[in-house]
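Here is a walk through the structure shown below, written as a short explanation.

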Amino acid sequence: MIDESRMRVKELKRRIRNVTLHTEDYYRIAYGYDATGIRGSCVGVAFPESECDLALIIKNANSLGIPIIPRGAGTGFSGGSVPVDGSLVVSTEKIRRVLSFDREMNEVEVESGIVNGKLQDYLKPFGFFYPPDPASYKVSTIGGNIAENAGGPRAYKYGVTRRYVRSLKWITSTGEYLESQQGGPTAFLIGSEGTLGFIYSARLAVFPIPKARKTFLLGASGDGDTMNLASDLLHSGFRPSVLEFIDSKTIRCVAEYLGILSILENRGDSSYLFLEVEGTEIETDEQQRHLNDYCECHGLTLTTAEKEEDREILWELRRSISPSLARRSITKVNEDIALPLGKLPEAVVRIHELARDKRLDCYIFGHCGDGNLHINIMTDRRNKKEMERAGEFVENLFLYVIAAGGTLSGEHGVGITKRPFLSLAFSPGELRLQEKIKGVIDPGSTFNPGKYFDNIMEEVG
Ligand SMILES: Cc1cc2nc3c(=O)[nH]c(=O)nc-3n(C[C@H](O)[C@H](O)[C@H](O)COP(=O)(O)OP(=O)(O)OC[C@H]3O[C@@H](n4cnc5c(N)ncnc54)[C@H](O)[C@@H]3O)c2cc1C
């Protein structure tokens, strides 16, 4: 079998000889995992430099029966870019140009391998920004963002990636190069986690940067109370563009990691809301006054950042949460459920209880403004018993979330990790329908086989 795979990749190399394709062990290992830490194995890693390279690779890999794993930066949290045996990883690292920028149309066209942060850097001097900015924006790619329909802190005001994609140029499993406008196949490709086609480039809507922004860290009390506070604050007329929740353990962890524990002012047992307002100077001043009055009235601690460098410190705190948690233990289980907003106060308390029942160390934070919470369980994969308990916790978590009207994933996708739980969220009819869509668009399962809904009926029966 291994010999057969080697023969196939050798033949592929011969057919696409002008495209870089590495088969050395160090490439196959380095590109064998994503941010979940799950390792897969591939026969090689290809680096196309144009849409023609991409089409050539896909057409030939398909005809040789080599599965393709599209890969951006590998920051995915559900195993989407982890290769399966005998597959070829196709990296977008060398397709990362800005193709055009049209100020009048508020539109930019980019190749899919461009890093989100690089796109923001490109747009800034023109006075524009691209709203979907996952906390991984400094490393994750636009292709990965589209394939995962990424959200992020600004999703509360601006919504997620889907809203910004005007058209896609993409390659089908037979190597056909298509341009699809909003709706139609584009609607399927966004959020399809690389299972339907390879996105070469995207035309994206961009916005003028607001005149003023102010960022705040609001120390509240217990986790459930903080969620209630968020809702009360909104009802009081406060209009943030970012509304994030950070529980007491998580805030300590990240403040320690950055060496800025003093920011918590001895309130290390509080959970926090991370907030931002934006608009004109007058609008942000008014929102700031409103928030100050509210905090004074309720005896809450508020840290305010107005200057760009102070805001950057608070944003660094927010964006460093995942890296700080990753340093907390050998491994961690990372789930990202979404719930109706009204369920959040009860949910944070219940989820901590579920973790305590299984004697697990649990950290919760996330985009509470759009109901999306990240649940992190610290584990050590060498401890079999603990991993079993973590597995039971995840199942209990999903059962609770679905019963409460929520979803398995807010933004990290299904990939490999959530695939076993799809039947909790979807009826057999819905799963069959998704499998049929895959069958029509990618009949030979060339893209990302065994992920998401590919062949899911075989598994769930
Ligand atoms: C510290 C940290 C913070 C994060 N914060 C957020 C957050 O706030 N919001 C959020 O939504 N996510 C977040 N994530 C998850 C992750 O960054 C996103 O899912 C991101 O969109 C993945 O982009 P990537 O370039 O790393 O893609 P990869 O991980 O390489 O791939 C992700 C999926 O997209 C597919 N894919 C990649 N490129 C293409 C392409 N060109 N065509 C077709 N399919 C493709 C892959 O096959 C895979 O299934 C975070 C991750 C980390 C590590």
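The text takes the ligand site and then the cysteines.

The model is predicted. In it, the ligand is surrounded by 35 residues, of which Pro70, Gly72, Thr75, Ser136 and Thr141 come nearest. By class, this shell holds nine nonpolar, 22 polar and four charged residues.

Several contacts involve oxygen atoms of the ligand. A polar side-chain atom of Ser136 is placed 2.6 Å from a ligand oxygen. A polar backbone atom of Gly74 is 2.8 Å from an oxygen atom of the ligand. For Ser81, an N or O atom in the side chain is 3.5 Å from a ligand oxygen. On its own the ligand has 970 Å² of accessible area, and the protein covers 96% of that.

The elements that give two or more residues to the shell are strand 3 (68-71), helix 5 (142-148) and strand 10 (198-205). Helix 5 contributes the most, with five residues. At the level of domains, the ligand lies between domain 1 (2-91) and domain 2 (98-208), because both give residues to the shell around it.

The cysteines are a separate matter. A disulfide is a covalent bond between the sulfur atoms of two cysteines. A search of the whole structure finds zero disulfides. For Cys297, the closest cysteine sulfur is that of Cys295, and the 9.9 Å between the two sulfurs is too far for a bond. A pair would have to lie within 2.5 Å to count as a disulfide. Cys297 is exposed, at 64% relative accessibility. Cys52 is exposed too, with a relative accessible area of 56%.

Methods. Residues are numbered from 1 along each chain as its sequence is written. This is a predicted model: local features need pLDDT of at least 70, side-chain atom pairs count only at pLDDT 80 or more; totals for chains, interfaces and linings use all residues. Side-chain values use heavy atoms; hydrogens and water are left out. A residue is near a molecule or strand if one of its heavy atoms lies within 4 Å of it. A polar contact is a pair of N or O atoms within 3.5 Å; within protein, one must be able to donate a hydrogen and the other to accept it, and residues adjacent in sequence count only if both atoms are side-chain atoms. Accessible areas come from the Shrake-Rupley method with a 1.4 Å probe; for residues, only the protein chains shown count as cover. Helices (H or I, at least four residues) and strands (E, at least two) are DSSP runs, numbered from the N terminus. Ala, Val, Leu, Ile, Met, Phe, Trp, Tyr, Cys and Pro count as nonpolar, Asp, Glu, Lys and Arg as charged, and the others, Gly among them, as polar. Domain bounds come from an automatic or database domain assignment. Buried means under 20% relative accessible area, exposed over 50%, partly exposed in between (1.4 Å probe, protein chains only).
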